[in-house]
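Colleague: I am new to this structure and would like a close look at a single part, its nonpolar interior. Please take me through that part carefully, and then through the strands and loops around it.

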Amino acid sequence: MRNLSILACALGIGLLAVHVQAGIIPVPNPSFESPSTDVYVGGIPDWTTSGGRDVGVCPVGVSGGAGGSMSTVPDGNQYAYTLCDRGNWSPTDIQSAVLGQIQAGDTYTLNVSVGTLGNKKDTAIGTVLIRLLGADTQDGAYAELASQAITPPAKDAWDSTQPLVYTAPAGDAGKYFKISLYWEYSGGNYQDSGIEWDNVQLISVPEPVTLAMLAVGGLAVLRRRRAA
Ligand SMILES: [Ca+2]
């Protein structure tokens, strides 16, 4: 009987640890498969957009929009595009829905596939960032918690090897957070430019000390059970 209770206790701790480690944070419309379309469509469901000339979703292999398209897509059939052109250099920002509240000490890893539109020049693409934004209240003013500068890949290529890794300090605990896909075009001497986005993934991992404390706590419980 005692062995059974020890086993049950160990299983419980194990399940708790698994639960704590299962840190995939759901992101609405993470692969820009909505709305399903066969053309360029302005706007992205579940995301807010600002700046640029045009922001929306596009299926792979479709030409149009600002005169170019991607011939491959990392995930599914569609990607998000952000276009700007001469005379409209305003930074483009695509922001997710609010995803939850920051847990102090947790490490958040944001991975996004970033592409460069097929007909674009290789230079002067400007500043490309993937970011986490935070606010004290859900509807408050969101400010940058962390950002990762992205070196855009070659024309008509995708890159997903530049993740944002952010370990939340105590001061950010409880803040509401969302994802930002940001592009500030440098204003080079050419018309039309595009950055593409796909396959947004956000994972959180508890701080190691939390897991260690859980393990220590579990051992203490087991010892008490054995002594009883
Ligand atoms: Ca996709």
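Modeller: A residue is called buried if 20 or more other C-beta atoms, placed from the backbone, lie within 10 Å of its own, exposed if 12 or fewer do, and partly exposed in between. A nonpolar core is a set of buried Ala, Val, Leu, Ile, Met, Phe, Trp, Tyr and Cys residues joined through C-beta atoms within 7 Å. The model is predicted, with pLDDT of at least 70 required for local features and 80 or more for side-chain atom pairs, while totals for chains, interfaces and linings use all residues. Residue numbers start from 1 along each chain as its sequence is written.

The chain has 228 residues, of which 31% count as buried, and its secondary structure consists of 2 helices and 14 strands (DSSP runs numbered from the N terminus, at least four residues of H or I for a helix and at least two of E for a strand). Of the contacts (C-beta atoms, placed from the backbone, within 7 Å) in the chain with a separation of 6 or more, 73% join residues that are 24 or more positions apart.

The largest nonpolar core holds 41 residues, and Tyr79, Ala80, Leu110 and Leu132 are those with the most contacts inside it. At least two residues of this core come from each of β4, β5 (78-84), β8 (107-116), β9 (127-135), β12 (164-167), β13 (176-184) and β14, and the largest share, 5 residues, is supplied by β13. If we follow Leu132 and leave aside its neighbours within four places in sequence, we find it in contact with Tyr108, Leu110, Leu145, Ala146, Leu164, Tyr166, Phe177 and Ile179.

From β13 we can move outwards through its pairing, where two strands pair if DSSP finds at least two bridges between them. Strand β6 (residues 92-95) runs antiparallel to β13 over 4 bridges, with Gln95 standing opposite Ser180. On the other hand, β6 also pairs with β3 in the antiparallel sense, over 3 bridges, and here Gln95 is the bridge partner of Thr48. Gln95 therefore appears in both descriptions, opposite Ser180 in β13 and as partner of Thr48.

Strand β4 (residues 54-59), one of the strands that supply the core, is mostly covered, since 5 of its 6 residues are buried. It pairs with β2 (residues 41-42) in the antiparallel sense over 2 bridges, and Gly42 stands opposite Gly56 in β4. In the loop between β3 and β4 lies Arg53, which is buried because 20 other C-beta atoms lie within 10 Å. The C-alpha atoms of Arg53 and Pro91 are 9.9 Å apart in space, although the two residues are 38 apart in sequence.

Some backbone details remain. In the loop between β1 (24-25) and β2 we find Pro35, which is joined to Ser34 by a cis peptide bond with omega about -5°. Asp46, in the loop between β2 and β3 (48-50), has a positive phi near 75° although it is not a glycine, and it counts as exposed because it has 12 C-beta neighbours inside 10 Å. Asn199 lies in strand β14 (residues 193-205) and is likewise not a glycine, yet its phi is positive at about 55°. Because 18 other C-beta atoms lie within 10 Å of it, Asn199 counts as partly exposed.

Methods:
Contact = placed C-beta atoms within 7 Å.
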